[in-house]
Amino acid sequence: MAKYVLYRLGDAIPTLFLVLTLVFIAMRILPGDPALAALGPMADPVQLALFRERMGLNEPLPLQYIYFLWDAIRLDFGRSFISDVPVADLIARNLPHTIYLTIVSVLMGLCLGIPFGVFAATRRNRPPDNALRIYSLIGYSIPDFYLAAILLIVFSLQLGWFPINGAGTGFWDGLHHILLPAMTLAMLKSAFMGRLTRTSVLEVLGRDYVRTARAKGAREGRVIYRHGLRNAMLPLSTGIGISILATLSGSVAVELVFNRPGIGRLLIDAISERDYPVIQAGVMMFAFFVILVNLVMDVVYVFVDPRIRMKS
Amino acid sequence: MTEPLLDIRNLCVDFGPASKPLRVAHNISFTVGAGETVGLVGESGSGKSMTALSVLRLVPEAARLSGEILYGGRDLLALPKRDMPEVRGKEIGMVFQEPMSSLNPVMTIGAQIEEAILLHERMPAAERRKRVIDLLRLVGMPDPEARVNAYPGQFSGGMRQRVMAAIAMACNPRLLIADEPTTALDVTIQAQVLAMMLDIRDRLNSAILLITHDLGVVAEVCERIVVMYAGHVVEDADVHTLFSRPRHPYTQGLLQSVPTLTDTRKRLYQIPGSVPPAGTITQGCPFRARCPKRLDRCAVEMPPMVTQGPSHRAACWATAMEAVA
Ligand SMILES: Nc1ncnc2c1ncn2[C@@H]1O[C@H](COP(=O)(O)OP(=O)(O)O)[C@@H](O)[C@H]1O
Ligand SMILES: [Mg+2]
């Protein structure tokens with residue numbers, strides 16, 4: 001088991017390396033001069049040259065690449081061009097908000113989506129199933145920023161049930177602030193999870209071992225949850241991983257609309273201000289999460305499915 | 001005669017729309033007495049599995065059942081759906097045709113056998129676990145204490161079929177239905193699993209309905225044989241009578257195609273032609289196209305089951321004529 005995790009961890013290293021390389025290349029081919037972006041169009045040539053020298057932009061590219069990797073390994077992301085705050089501080093300040101939003105919305109999405117999917121699967125082609133079909137169609141086709149705006153207008157501006165922006169202070173206030181943004185993402189995720197659960201459960205309920213469970217005298221509830229859902233968890237855990245990643249990317253729009261702090265917000269602001277060190281760190285942060293979620297999912301698989309455990 | 005344990009009367013299994021039903025079992029009627037071992041034989045596609053699954057009402061959702069299935073005098077088909085779990089596993093155990101897919105891949109075999117007990121009987125956990133080991137020993141699983149925590153994927157088809165048998169026997173059911181328990185296995189394993197079935201039959205006094213397309217198997221195991229063809233029961237007799245005086249041309253053909261030790265024939269006999277797919281024969285006897293004794297009447301009317309002797313019935317116009325003559 002531990003060996004398997006280590007092995008998977010080893011697998012993640014080349015991916016991480018590849019991501020770093022892509023970020024490096026992307027930052028170098030992005031239009032615009034970082035020095036010009038940092039110091040503004042009015043900066044005098046001496047200052048610009050000095051800046052380039054200090055940032056190592058005059059070194060040959062391979063050497064820059066090695067410096068870049070070295071900094072990344074030490075988690076040294078430099079300072080923001082705009083605010084001169086260490087990027088690591090910016091990340092540390094914003095990351096918890098994004099993680100909180102992701103956790104709350106994924107949990108809400110699963111709690112909505114999985115029972116809805118099971119309910120629909122066991123009532124195939126009857127009203128609950130059709131309701132899920134319509135719900136997921138809406139969930140699939142509505143863009144996240146649009147849903148966020150609608151919820152904001154209806155529940156915050158018109159009904160006044162939720163605060164309009166920010167993250168709040170303290171646990172309860174924070175919860176009050178996060179409900180609506182989390183709901184936005186949860187609705188989209190639950191549409192996806194509901195659909196996936198329905199399909200997986202239906203597929204599993206047609207299996208021979210489900211018939212065996214019935215032949216033993218198991219009642220429907222036990223058949224569905226003990227034998228059906230447990231086996232459906234295999235495809236579902238992939239779906240949960242995808243959900244988490246989709247929620248992360250969705251958080252960009254939601255943080256923007258609800259004016260919440262977070263990595264997505266940080267990244268968007270950095271892009272509009274050409275704040276290269278921050279963009280670089282933000283992109284790396286997202287990439288890091290994608291790799292982490294995939295890694296965790298791989299390990300979860302092994303727990304759920306003894307067949308993989310036996311092979312490894 | 002005492003009331004039979006299982007009494008199937010005019011069972012019909014239909015698929016497709018009610019306006020244009022596809023009937024895969026036509027007026028199936030036969031009985032299984034308490035403690036009796038009955039063989040249900042017929043070529044693949046003759047409706048044996050659908051008949052067996054009907055008893056526990058485990059047919060696919062699309063299938064519609066009609067007729068009566070009396071178990072201990074109670075009509076299982078008339079039972080409310082929610083009462084079926086009390087019959088399944090407790091009164092009637094079932095072993096399926098597909099050992100490779102009939103066990104839950106993410107549960108240990110011990111947990112799966114234990115569940116079968118848990119669903120019907122209350123007992124301390126330690127006692128239940130001991131019962132699981134005993135069951136595994138009964139079905140001939142080597143080293144049961146160690147293998148009880150293994151997953152189905154770690155077993156061969158033959159071993160999985162033993163686990164299935166342990167599940168089916170977990171609550172000592174009065175009737176065991178085994179749907180081609182050996183068909184999916186290698187020949188040598190077939191013999192071992194069959195020996196296990198015989199052993200179970202001798203040690204417990206459950207009645208067994210053994211489904212197979214192999215007459216050699218039923219000759220060894222069963223007391224009585226029911227022959228099915230294209231969704232119809234065509235003959236029903238005790239083993240001795242059926243092998244010495246088969247009355248239906250289909251049964252006669254089946255018997256001729258069984259190899260014997262004293263066989264001097266170069267090639268085994270085979271009934272010419274093949275089983276017509278369900279729904280293609282709407283009138284007359286479904287066997288007539290392959291029948292050496294067919295009469296004009298066979299194309300018009302399905303022959304009824306006619307008594308041929310004590311505990312011997314057959315459905316054939318030609319045979320009925322001979323009986324009269
Ligand atoms: N789900 C289904 N829908 C329609 N026809 C079916 C279905 N399942 C089985 N059948 C038909 O029922 C007939 C009997 O099948 P089965 O009972 O499995 O035969 P056997 O067990 O004797 O080989 C076959 O002709 C088969 O095509
Ligand atoms: Mg069959």
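**Entry 1: helix 7 against helix 10, chain A**

I began with a pair of helices and noted that helix 7 of chain A and helix 10 of chain A cross in a right-handed sense. The model is a predicted one, and I keep that in mind for everything that follows. For this pair I looked up the geometry: the axes of helix 7 (residues 144-158) and helix 10 (residues 220-257) of chain A come within 9 Å, and the crossing angle is roughly 30°. On the helix 7 side of chain A I listed Asp144(A), Phe145(A), Ala148(A), Ala149(A) and Leu152(A), which meet Gly250(A), Ala253(A), Val254(A) and Val257(A) of helix 10 of chain A. Sorted by character, the residues of this contact are 7 nonpolar, 1 polar and 1 charged.

**Entry 2: helix 11 against helix 12, chain A**

I then turned to helix 11 (residues 263-272) and helix 12 (residues 276-304) of chain A, whose axes lie 9 Å apart and which pack at an angle of about 145°. Here the crossing is left-handed. From helix 11 of chain A the contact takes in Ile263(A), Gly264(A), Leu266(A), Leu267(A), Ala270(A) and Ile271(A), and from helix 12 of chain A it takes in Val278(A), Ile279(A), Gly282(A), Val283(A), Met285(A) and Phe286(A). I note for this contact a division into 10 nonpolar residues, 2 polar ones and no charged ones.

**Entry 3: chain A as a whole**

I stepped back to the whole chain and found that chain A has 13 helices and 0 strands, so that I could write its pattern along the sequence as α-α-α-α-α-α-α-α-α-α-α-α-α. The C-alpha trace of chain A spans about 85 × 55 × 35 Å along its principal axes. Of the 312 residues in chain A, 44% are buried. Among the contacts in chain A with a separation of 6 or more, 72% are between residues 24 or more positions apart.

**Entry 4: record annotations on both chains**

I checked the UniProt record, an unreviewed entry, and it lists "domain: ABC transmembrane type-1" for residues 95-297 of chain A. In the model that span is 84% helix and 0% strand, with its end C-alpha atoms 21 Å apart. The annotation "transmembrane region", again from an unreviewed UniProt entry, covers several stretches of chain A, including residues 12-30 and 278-304. I computed residues 12-30 of chain A as 95% helix and 0% strand, with end C-alpha atoms 27 Å apart. For residues 278-304 of chain A the values are 100% helix and 0% strand, and the end C-alpha atoms are 39 Å apart.

For chain B, UniProt (unreviewed entry) places "domain: ABC transporter" at residues 8-255. That span of chain B is 36% helix and 25% strand, and its end C-alpha atoms lie 25 Å apart.

**Entry 5: Ala186(A)**

I picked out Ala186(A), which lies in helix 8 (residues 171-205) of chain A. Ala186(A) counts as buried because its relative accessibility is 0%, and the cut-off for that class is under 20%. Leaving aside residues up to four places away in sequence, Ala186(A) touches Ser105(A), Met108(A) and Gly109(A). I also took one distance, from Ala186(A) to Phe119(A): the two are 67 residues apart in sequence and 18 Å apart in space, C-alpha to C-alpha.

**Entry 6: the magnesium ion**

I looked for the protein donors of the magnesium ion (ligand 2) and found Ser49(B), through OG, and Gln97(B), through OE1, lying 2.0 to 2.7 Å from the ion. The pair links distant parts of the chain, 48 residues apart: Ser49(B) belongs to helix 1 (residues 48-55) of chain B, while Gln97(B) sits in the loop between strand 6 (92-95) and helix 3 (109-118) of chain B. Ser49(B) counts as partly exposed because its relative accessibility is 22%, and Gln97(B) is likewise partly exposed, at 23%.

**Entry 7: positive phi angles**

Most residues other than glycine have a negative phi, so I noted two departures. Leu75(A), not a glycine, has a positive phi of about 60°; Leu75(A) lies in the loop between helix 4 (61-73) and helix 5 (87-121) of chain A, and is exposed, with a relative accessible area of 58%. Asp143(B), also not a glycine, has a positive phi of about 50°. I placed Asp143(B) in the loop between helix 4 (125-138) and helix 5 (144-147) of chain B, where Asp143(B) is partly exposed at a relative accessible area of 47%.

Definitions and conventions:
Residues numbered from 1 in each chain as written. Chains lettered and ligands numbered in written order. Predicted model: local features only at pLDDT ≥ 70, side-chain atom pairs only at ≥ 80, totals over all residues. Heavy atoms only, no water. Donors = N, O, S within 2.8 Å, 3.2 Å for Na, K, Ca; no water. Helix = DSSP H or I, 4+ residues; strand = E, 2+ residues; numbered from the N terminus. Buried < 20%, exposed > 50% of the residue type's maximum accessible area, 1.4 Å probe, protein only. Axes fitted to C-alpha atoms, helices over the stretch in contact; angles between N-to-C directions. Left-handed = near helix turned anticlockwise from the far one by under 90°. Contact = heavy atoms within 4.5 Å. Nonpolar A, V, L, I, M, F, W, Y, C, P; charged D, E, K, R; others polar. UniProt positions renumbered as here; feature names shortened; annotations may be inferred.
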